[in-house]
Structure formats: structure tokens, C-alpha cells
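The exercises below concern one protein chain. Work each task from the coordinates before reading its solution.

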Amino acid sequence: MGLHIVADDAGGSPAISEALARRLADDLNAFYAPLRISFQVTIRLFPASRFRVLESYGHIDELKRAAAERPDRQLNVFISGLDSSFGGLAGVGTFPWDPDAMQSTGGIILNARFILPGETLLAHE
């Protein structure tokens with residue numbers, strides 16, 4: 001799984017810290033451990049100020065196209081902010097059976113402000 005943290009153009013002000021991203025990955029693995037499922041997670045900083053706050057579903061697809069890595073072989077998770085026009089959504093996921101699931105526009109968007117240690121947001125999405 002590729003975990004992409006959106007930051008500003010210079011790589012500063014990431015949506016979440018690398019430490020919190022690692023905790024998110026650890027929490028996901030702990031959630032699925034009873035089922036003997038584990039995820040290998042690669043954390044990547046994606047410097048692109050224009051994607052720090054996503055304003056529409058079209059904007060989400062632009063981020064996915066720009067940042068997705070090997071969507072035919074791994075789940076891509078993008079961490080950014082979501083504009084208030086999304087009505088407080090914590091995340092947006094592509095269903096596995098959706099034709100986009102294994103394309104660059106598949107994957108999951110997580111709203112950074114809802115990511116807290118010990119929460120199961122990523123497992124839910």
C-alpha cells in the first residue's frame with residue numbers, strides 16, 4: 001500500500017506527520033491481525049500545494065492521477081484536507097469492484113483532520 005501525504009510545494013506543512021502516518025499503518029495492521037491480514041506500507045511525501053485542500057471530486061481525481069503509484073498492483077491512499085463543500089466527510093474510497101479501482105483514479109482519500117491515533121478510519125474506508 002502506498003500512503004501519500006500531501007504537503008506544500010517545498011515539502012513543508014504535510015497534511016499529517018510521518019510519525020502519525022506510521023501509527024496509521026500500525027493501527028491498520030493491528031485491526032486486521034486477527035484475520036491474519038497484514039499490509040506492507042510505503043509512506044511518501046507528495047509536495048503539491050494545489051492539492052493541500054481538495055475542493056471537488058474532479059480535484060480529487062487530479063491528485064490521484066498525479067500521485068498514484070502502480071495502481072494496478074497496490075492500493076494508493078492519499079492524505080489531504082477536504083474542503084467544507086464535502087460536508088465533513090472523513091474519507092472517500094473507491095469500491096474494489098469499480099472499474100476505476102485498479103486505475104490511477106482508484107484508491108482512498110483520507111481527510112487529514114479526522115486522522116487520530118488508534119482510530120479505524122483507514123480500515124473503514
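## Exercises on a predicted model

W97 is exposed, with a relative accessible area of 68%. The model is a predicted one, and every value in the solutions is computed from it.

**Exercise 1.** Classify F95 and F31 as buried, partly exposed or exposed.

Solution.
- Step 1. The cut-offs are under 20% relative accessible area for buried and over 50% for exposed, with partly exposed in between.
- Step 2. F95 has a relative accessible area of 51%, so by the cut-off of over 50% it counts as exposed.
- Step 3. For F31 the relative accessible area is 44%. This residue is therefore partly exposed, as the value lies between the two cut-offs.

**Exercise 2.** State how many aromatic pairs there are, and assign a geometry to F31 with Y32 and to F95 with W97.

Solution.
- Step 1. Rings pair if their centres lie within 6.5 Å; planes under 30 degrees apart are stacked and those over 60 are edge-to-face.
- Step 2. Five aromatic pairs result from this rule.
- Step 3. The ring centres of F31 and Y32 are 5.1 Å apart and their planes stand at 75°, so this pair is edge-to-face.
- Step 4. For F95 and W97 the centres are 4.9 Å apart with 10° between the planes, and the pair is stacked.
- Step 5. F31 and Y32 also belong, together with F39, to one aromatic cluster.

**Exercise 3.** Describe the largest pocket by its volume, its lining and the residues nearest its centre.

Solution.
- Step 1. The volume of the largest pocket is about 290 Å³.
- Step 2. Its lining consists of 14 residues. Nearest the centre lie L75, T94, F95, P96 and A101.
- Step 3. Sorted by class, the lining holds seven nonpolar, four polar and three charged residues.
- Step 4. F95 thus appears in two solutions: in the lining of the largest pocket and in the stacked pair with W97.

**Exercise 4.** Give the order of the secondary structure elements and decide whether the chain is as compact as a globular protein of its length.

Solution.
- Step 1. Three helices and six strands make up the secondary structure.
- Step 2. Read from the N terminus, the order is β-α-β-β-α-β-β-β-α.
- Step 3. The chain has a radius of gyration of 14 Å, close to the 14 Å from the globule rule for 125 residues, so it is as compact as a globular protein of that length.
- Step 4. The C-alpha trace spans about 40 × 35 × 25 Å along its principal axes.
- Step 5. Of the 125 residues, 40% are buried.
- Step 6. Taking contacts between residues at least 6 apart in sequence, 68% join residues at least 24 apart.

Methods
Residues numbered from 1 in each chain as written. Predicted model: local features only at pLDDT ≥ 70, side-chain atom pairs only at ≥ 80, totals over all residues. Heavy atoms only, no water. Phe/Tyr/Trp six-rings, centres within 6.5 Å; stacked < 30°, edge-to-face > 60°. Buried < 20%, exposed > 50% of the residue type's maximum accessible area, 1.4 Å probe, protein only. 1 Å grid on protein atoms, 1.4 Å probe; cavity = no way out; pocket = protein on both sides within 12 Å on 5 of 7 lines; lining within 4 Å. Points joined across faces, edges and corners; volume = space filled by probe spheres on them. Nonpolar A, V, L, I, M, F, W, Y, C, P; charged D, E, K, R; others polar. Helix = DSSP H or I, 4+ residues; strand = E, 2+ residues; numbered from the N terminus. Rg over C-alpha atoms; globule rule 2.2 N^0.38 Å. Contact = heavy atoms within 4.5 Å.
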